[in-house]
Amino acid sequence: MKDKLQLMIPGPTPVPERVLLAMARHPIGHRSGEFQAIVARTTEQLKWLHQTSQDVLVLAGSGTAAMEAGIINVLSRGDKVICGDNGKFGERWVKVAKAYGLDVEVIKAEWGQPLDPEAFRAALEADSAKAIKAVIITHSETSTGVINDLETINRHVKAHGEALIVVDAVTSLGATSVPVEAWGLDVVCSGSQKGYMIPPGLGFVAMGPRAWEAQKRSDLPKFYLDLERYRKAAEGNSNPFTPAVNLYFALEAALDLMQDEGLDAIFARHERHRRASQAAMQALGLPLFAAEGYGSPAITAVAPANLDAEALRKAVKSRYDILLAGGQDHLKGQVFRIGHLGFVCDRDVLTAVAAIEGALVELGQPPAQPGAGVAAAAAILQG
Ligand SMILES: *Cc1c(COP(=O)(O)O)cnc(C)c1O
């Protein structure tokens, strides 16, 4: 049915009506007092979301622009870095680092498995010359639905003393706690179309004091993504270039909604939806793709046996107007993914589960127990 599409992909995520309406006005001058007030306010709100008193800068660009900025602002030609790679977005970190000629050591894990913090500890402890300048990881690996143990890996980075930690928090920020200042996370990147509940187009980079020290020394080429320009402009509640003015309207409205709900409530909701989605898939006899205990609060990846995951995804889309995400690269056809990130309520999860069961029936593979998925999800949602 027209205009009934329910997005259950891990970005773009659904946008609240209030946020859409906030955008539906003429742009205003980006050097006006009115706009400066919005920059001032959203800057404070962004610090709240990142649990930090330090800088959070806003770029007009997607999450990858924030990732690229995160690398080129704190590193220099030929620097040695460690990249964690256990999925599509870990791979992207490696590609960006190599594009800038960094000396990249990759710590890999199989897709579906978490990164092993011990591997990071060993590499960092062996580096007595302190050659490693950064450890670069993805917190929530969207392609596999795995959440990596950022807290432990970061502890090993801190014990090293020299290396910075650079984090892709694109699908963890706004889904689970990322206490930027308390953990001393140096660079944290995110994007608007994920946990922020606004359309694509903004990238965010949080920078700590050690990141700014490194920024002064960094000699990688940069112009549009030179964060020092953004920091200076932010002192006057401004932007170095024309910002995405209407997306700022959206940002302010979305962060208002988030502050009304409260961080703890937001994280509890995502955790509840993770548990409900996982329980429902297991009740339907559909195996989870992420290793047990490492399911992302933003996304549940499912690997149905004896069934084309793409056929199931298409049946859910054409019959129920619900868009699930497919598997990426070699997982295409083997995995589908349920996004439960951002503006998602219990009803959305129940509906998606019911639609998946409906599609199983349509594909001739009904669950042993009719309604088992919804029953399992409801049991968790009702607490
Ligand atoms: C979506 C996403 C990104 C950013 O992708 P863009 O398409 O550039 O916004 C980066 N990392 C992860 C883990 C993501 O899910």
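The following exchange concerns a predicted model and the reasons behind the terms applied to its ligand site and to selected residues.

Reader: What makes Ser62 a polar contact of the ligand?

Author: A polar side-chain atom of Ser62 lies 2.5 Å from an oxygen atom of the ligand. A polar contact requires a pair of N or O atoms within 3.5 Å, and the pair formed by Ser62 therefore qualifies.

Reader: Which atoms of the ligand lie by the polar side-chain atoms of Asp168 and Lys194?

Author: For Asp168, the partner is a nitrogen atom of the ligand, at 2.5 Å. For Lys194, an oxygen atom of the ligand is 2.8 Å from an N or O atom of the side chain. Taken alone, the ligand exposes 380 Å², of which the protein buries 87%.

Reader: Which residues are the closest to the ligand, and how many surround it?

Author: The ligand is surrounded by 14 residues, and the closest are Ser62, Thr64, Thr142, Asp168 and Lys194. By class, three residues of the shell are nonpolar, eight are polar and three are charged. The space taken by the ligand is the second largest pocket.

Reader: Which helices supply at least two residues of this shell?

Author: Helix 3 (63–72) and helix 4 (88–99) each do so. Helix 3 gives the most, with three residues.

Reader: Why is helix 3 described as largely enclosed by the rest of the structure?

Author: Eight of its ten residues are buried, so the description follows from that count. The buried residues of helix 3 are Gly63, Ala65, Ala66, Met67, Ala69, Gly70, Ile71 and Ile72.

Reader: Why is His340 called buried?

Author: The relative accessibility of His340 is 1%. Buried means under 20%, so His340 falls within the class. His340 is placed in the loop between strand 13 (336–339) and helix 13 (346–362).

Reader: What lies 3.0 Å from a polar atom of the side chain of His340?

Author: The backbone oxygen of Pro297 lies at that distance from the His340 side-chain atom.

Reader: How do you know that Leu247 is buried?

Author: Leu247 has a relative accessible area of 11%. The limit for a buried residue is under 20%, and Leu247 is therefore counted as buried. Leu247 belongs to helix 10 (residues 245–261).

Reader: What separation is found between the C-alpha atoms of Leu247 and Gly383?

Author: The C-alpha atoms of Leu247 and Gly383 are separated by 36 Å, and the two residues are 136 residues apart along the chain.

Conventions:
Residues numbered from 1 in each chain as written. Predicted model: local features only at pLDDT ≥ 70, side-chain atom pairs only at ≥ 80, totals over all residues. Heavy atoms only, no water. Near = heavy atom within 4 Å. Polar contact = N/O pair within 3.5 Å; in protein donor to acceptor, adjacent residues only side chain to side chain. Areas by Shrake-Rupley, 256 points an atom, 1.4 Å probe, with all protein chains shown as cover. 1 Å grid on protein atoms, 1.4 Å probe; cavity = no way out; pocket = protein on both sides within 12 Å on 5 of 7 lines; lining within 4 Å. Sits in = over half its atoms within 2 Å of the grid points. Helix = DSSP H or I, 4+ residues; strand = E, 2+ residues; numbered from the N terminus. Nonpolar A, V, L, I, M, F, W, Y, C, P; charged D, E, K, R; others polar. Buried < 20%, exposed > 50% of the residue type's maximum accessible area, 1.4 Å probe, protein only.
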